[in-house]
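Here is a colleague's note for someone meeting this structure for the first time. Please read the points below with the sequence and the model side by side.

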Amino acid sequence: MAYVTLSAAILSEILATTAMKYSEGFSRLWPSLGTAAGYLLAFALLAQTLKSMSVGTAYAIWSGAGTAVIAAIGIVFLGESAGTAKILGVLLVIAGVVVLNLDGAH
């Protein structure tokens, strides 16, 4: 169940970050409200996850998955560059999450 809650926290954070892009510096009401609501939900779900999963494991997965997906959204949907350095950086983030999880989710 912890992984389901963590997955929902990750999805909420991804949606909030995407909404932030469209908020134009919080000058647009609905994307700004979406950002705030998304982050509130993401942190609430992450807090629930931490009841049954170690903070290092949960945060590594949460931040790593969010970073990788947001980078992909930027490349695929927002016209951001897909240079070698960016792709290598995302792969290193993913590798870091995998290494941190070799000890298992306690």
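1. The protein exposes about 6500 Å² (accessible areas come from the Shrake-Rupley method with a 1.4 Å probe, and for residues only the protein chains shown count as cover), and carbon and sulfur atoms supply 74% of this area. This is a predicted model, in which local features need pLDDT of at least 70 and side-chain atom pairs count only at pLDDT 80 or more, while totals for chains, interfaces and linings use all residues. Residues are numbered from 1 along each chain as its sequence is written, and side-chain values use heavy atoms, with hydrogens and water left out.

2. The protein has four helices and zero strands (helices are DSSP runs of H or I with at least four residues, strands are runs of E with at least two, numbered from the N terminus). Along its principal axes the C-alpha trace spans about 40 × 35 × 15 Å. Of the 106 residues, 32% are buried (under 20% relative accessible area, with exposed meaning over 50% and partly exposed lying in between; 1.4 Å probe, protein chains only).

3. The largest nonpolar core (a set of buried Ala, Val, Leu, Ile, Met, Phe, Trp, Tyr and Cys residues joined through side-chain atoms within 4.5 Å) has 14 residues, of which Leu6, Ala9, Ile10, Leu46, Met53, Ile61 and Trp62 touch the most other members. Helices H1, H2 and H3 (55-77) each supply at least two residues of this core, and H1 gives the most, with five. Leaving aside neighbours within four places in sequence, Ile61 is in contact (heavy atoms within 4.5 Å) with Tyr3, Leu6, Ile10, Gly66, Val97 and Asn101.

4. Arg28 is found in the loop between helix H1 (2-22) and helix H2 (29-49), and Arg28 counts as partly exposed because its relative accessibility is 38%. The C-alpha atoms of Arg28 and Met53 are separated by 37 Å, although these residues lie 25 apart along the chain.

5. A search of the whole structure finds one salt bridge (a side-chain nitrogen of Lys or Arg within 4 Å of a carboxyl oxygen of Asp or Glu). The side chains of Glu80 and Lys86 meet in a salt bridge at 3.5 Å, N to O. Glu80 is partly exposed at 35% relative accessibility, and Lys86 is partly exposed at 29%.

6. Ile87 is found in helix H4 (residues 84-100), and with a relative accessible area of 41% Ile87 is partly exposed.
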